[in-house]
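User: Hey, I've got a structure here that I haven't looked at before. Can you walk me through it?

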Amino acid sequence: MAKLFTKDQLPHFVSTRDTRDRLDLVTDNVPVGATRLKADRIIYHPGDTCAKHYHIGCHHVFVVLEGEGLIFNAEGSHRLKPGMAAIVAPEELHWFENDTDANFKFIEFWAPPPLETIWIIEDDI
């Protein structure tokens, strides 16, 4: 049987950096028994950013739902828009910024879940 959750039943992450809103979908905090996939829904409000980081041992996939924002990597920045997907390779440094006046919303997947996430500035998550 499918497991169903309301938005209020799913854990929310509170950023130490800004007003980002993360809703856990498939994580250790959501009892679905998934071991090969992790997923969140993220909203970057206008001006929100995340620190430079990378993930050990996983691909990181982003599917944009609403708004626009920037993904950065060692090569520069790329504008993400609704309907686009971005795939970050294991150990690839990346970060995001919402440089618009509207919310930037996407689903992110890790496959398999990362062995570790490395933040370039510790405690800046």
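Analyst: Sure, here is a short tour, from the whole protein down to its sheets. This is a predicted model, where local features need pLDDT of at least 70, side-chain atom pairs count only at pLDDT 80 or more, and totals for chains, interfaces and linings use all residues. Residues are numbered from 1 along each chain as its sequence is written, and side-chain values use heavy atoms, with hydrogens and water left out.

User: Cool. How many helices and strands are there?

Analyst: The protein has zero helices and 11 strands. Those labels are DSSP runs numbered from the N terminus: H or I with at least four residues for helices, E with at least two for strands.

User: And how compact is it?

Analyst: As compact as a globular protein of that length, because its radius of gyration is 14 Å, close to the 14 Å that the globule rule gives for 125 residues. The radius is taken over C-alpha atoms, and the rule is 2.2 Å times the number of residues to the power 0.38. Along the principal axes, the C-alpha trace spans about 45 × 30 × 30 Å.

User: What share of the residues is buried?

Analyst: Buried residues are 34% of the 125, with buried meaning under 20% relative accessible area (1.4 Å probe, protein chains only).

User: OK, sheets now. What's the order in the six-stranded one?

Analyst: That open sheet runs E1-E2-E3-E10-E5-E8, with antiparallel pairing. Two strands count as paired if DSSP finds at least two bridges between them.

User: Why do E1 and E8 each have a side without a neighbour?

Analyst: E1 (12–14) and E8 (85–88) stand at the edges with a single partner strand each, so one side of each has no neighbour in the sheet. From one strand to the next, the twist averages 25°; the axes behind such angles are lines fitted to C-alpha atoms, and angles run from 0 to 180 degrees between N-to-C directions.

User: How many bridges join E1 to E2?

Analyst: Three, and E2 covers residues 21–26, running antiparallel to E1. Phe13 has Arg22 in E2 as its bridge partner.

User: What about the three-stranded sheet?

Analyst: It is open too, in the order E7-E6-E9, with antiparallel pairing. E7 (76–80) and E9 (95–97) are the edge strands, each pairing on one side only. The twist there averages 30° from one strand to the next.

User: Which residue in E9 stands opposite Leu70?

Analyst: Glu97. E6 (residues 69–73) and E9 pair in the antiparallel sense over three bridges.

Technical notes
Buried < 20%, exposed > 50% of the residue type's maximum accessible area, 1.4 Å probe, protein only.
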